[in-house]
Structure formats: structure tokens, C-alpha cells
Amino acid sequence: VGTLWGPTSEAFGINNSGQVVGAASLDSGYSHPFLYSNGTMSDLGTLDGGTNGVAFSINNSGQIAGSAYTADGDIRAFLYSDGSMNNLGTLGGNRSQAFGINDSGQVVGWADTTSAVRAFLYSNGSMINLGSLSDRASQASAINDNGEIAGWYIDNTGTSVHAFVYSDGSMIDIGTLGSSPSSAAFDINNSGQVVGRVHSTTGIDPDGRAFLYTNGLMIDLGT
């Protein structure tokens, strides 16, 4: 799908109309979020005169969720809709990032509170703190059209990450596989099936296995 005048681009999301979003480099060396539609890549710009940004997800109405830096150097979640990039703010801290959007325009990601990073849901103009299953950080990765959310949180030891599903106001730990100490969820479909990765060591590392979580069971997808 090309680039934005620079040498590189990455695509992260696609909708049912074949519109693609991601990040592409400029000749300045910065990267901007892009929309690829009808054979053309468009620069979506950044927030408040900032430099870099990335678009992660696009819904079937063409609304886009992502993250961009402001002129102050803070990274902020954005919702791009009707030609405008809107800063979604934070939960009281300085930073936020958005990763998923559903067809109702609800956005999920993480945001700083005054004390910790927390998963958020942005809906009807408000950012809602989804909490965590520990005293440590949480992140929402994706949301389906039923409002079910997938993500991960860090446990109270600070050494393990666990995947969660958030539904009907409750966050549920969906566990790991075998003796693996960690897991993280990255996407969820409208049937509530979740995909992600379990990890052979603590934290989020590349030496894990892909999983499918369905009907209350986590299945190793193998290699």
C-alpha cells in the first residue's frame, strides 16, 4: 500500500470495506498514522502539532483509533472521525494509547491515572477506568460489537502478565496454558472468542505460543 514519502510503513487494522490503517514514515524521519482507501494512502496528521503517531484499528464506519504525540511530548489516544483527530485525554495522568474500536465507535486502550496505568473504555464522550485485577497496570487491546473487551494486566508480584476478558462490568482472568506463568490477549470477535499469546517466561516475551480462548477453554494453537 506504499508509504508517506518516507521508506517504511506498517499496517495494523482493516475493515470490511478494505480500508487499512497503520503508520508510515515521512521524509522528515517522523511517522504519521495513515488511512489507505480506494488505492490512496492519506496522512491523518497528529495531535496539537505533535510529531509521531500510529493508527491501530478502523471500524466499518471508517472511524479510527490510535495514538499520537502532542507538541508537549505526551502520547495520547485519539479517535479519528469525520476528518478530525480527537484527543481522548487520560484518566488523570499524562499519557494514553488506543488500540481497538468497535462499530459503535467505542474505543479501548490504556491511560495513566494519578497512580497507575489502567485499561480504559471510551464511550459516549467519556473515558471509563476499567480497573485491574491487581494493584498494577492493565491494558485493553480490543473490543467487539457487543462491548466485550480483551486485554491483559500485571499481577501483584510484578512478574506475570495475565489475559482478561471484560464483560458486563466484570474483568475475568482467563488464565494461561499449562505451567506458563503469563498470557496476554490481543483480539476478540463478536462470538467472544479471544486470541493472544502465552509466555514461557515471565512478562511479555516472544518465546510463547499462540492461543484461542473459546467456550471457557484456552487452546494452544501450536507452531
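1. A word to start with: two residues are in contact when heavy atoms of theirs lie within 4.5 Å. With that in hand, take Ala11, whose place is in strand β1. Setting aside neighbours within four places in sequence, Ala11 is in contact with Val20, Val21, Gly22 and Phe34. Please keep in mind throughout that this is a predicted model.

2. Stay with Ala11 for a moment and look further along the chain. Ala55 is 44 residues away in sequence, and the C-alpha atoms of Ala11 and Ala55 are separated by 8.5 Å.

3. Now step back to the whole fold. How many helices and strands does the protein chain have? There are zero helices and 20 strands. The radius of gyration is 17 Å, close to the 17 Å that the globule rule gives for 223 residues, so the chain is as compact as a globular protein of that length. Along the principal axes, the C-alpha atoms fill a box of roughly 45 × 40 × 30 Å.

4. Next, the inside and the outside. Of the 223 residues, 51% count as buried. The chain exposes about 10200 Å², and carbon and sulfur atoms supply 43% of that area. As for contacts with a separation of 6 or more, 29% of them are accounted for by residues 24 or more positions apart.

5. The charges deserve a glance too. The protein chain has 6 positive and 19 negative charges, and the mean positions of these two groups are 9 Å apart.

6. If you enjoy aromatic rings, here is a good place to zoom in. A search of the whole structure finds two aromatic pairs. In one of them, the rings of Phe12 and Phe56 have their centres 5.3 Å apart and their planes at 50 degrees, so this pair is tilted. Phe12 sits in strand β1 (residues 9-14) and Phe56 in strand β5 (residues 53-58), so the pair links distant parts of the chain, 44 residues apart. Phe12 counts as partly exposed, at 40% relative accessibility.

7. Which ring pairs with Phe56 at a distance of 5.0 Å between centres? That is Phe99; the planes of Phe56 and Phe99 are at 50 degrees, so this pair is tilted. Phe56 lies in strand β5 and Phe99 in strand β9 (residues 96-101), so the pair ties together parts that are 43 residues apart in sequence. Is Phe99 buried or exposed? Phe99 counts as buried because its relative accessibility is 18%, and buried means under 20%. Through these ring pairs, Phe12, Phe56 and Phe99 are linked into a cluster.

8. Phe99 also leads us to Gln139, a residue of strand β13 (residues 138-143). Not counting residues up to four places away in sequence, Gln139 touches Phe99, Gly109, Trp110, Ala119, Gly151, Trp152 and Phe164. Gln139 counts as buried, with a relative accessibility of 14%. Measuring aside, one more partner is worth finding on screen: Ala98 is 41 residues from Gln139 in sequence and 9.6 Å from Gln139 in space, C-alpha to C-alpha.

9. Finally, two backbone spots to look at. Trp5 is not a glycine, yet has a positive phi of about 70 degrees. Trp5 is found in the segment before β1 and is exposed, with a relative accessible area of 62%. Asp48 is not a glycine either, and has a positive phi of about 55 degrees. Asp48 lies in the loop between β4 (40-43) and β5, and is exposed at a relative accessible area of 55%.

Methods
Residues are numbered from 1 along each chain as its sequence is written. This is a predicted model: local features need pLDDT of at least 70, side-chain atom pairs count only at pLDDT 80 or more; totals for chains, interfaces and linings use all residues. Side-chain values use heavy atoms; hydrogens and water are left out. Helices (H or I, at least four residues) and strands (E, at least two) are DSSP runs, numbered from the N terminus. The radius of gyration is taken over C-alpha atoms; the globule rule is 2.2 Å times the number of residues to the power 0.38. Buried means under 20% relative accessible area, exposed over 50%, partly exposed in between (1.4 Å probe, protein chains only). Accessible areas come from the Shrake-Rupley method with a 1.4 Å probe; for residues, only the protein chains shown count as cover. Lys and Arg count as positive and Asp and Glu as negative; His and the chain ends are not counted. The place of a charge is taken as NZ of Lys, CZ of Arg, CG of Asp or CD of Glu. Rings of Phe, Tyr and Trp (its six-membered ring) pair if their centres lie within 6.5 Å; planes under 30 degrees apart count as stacked, over 60 as edge-to-face and the rest as tilted.
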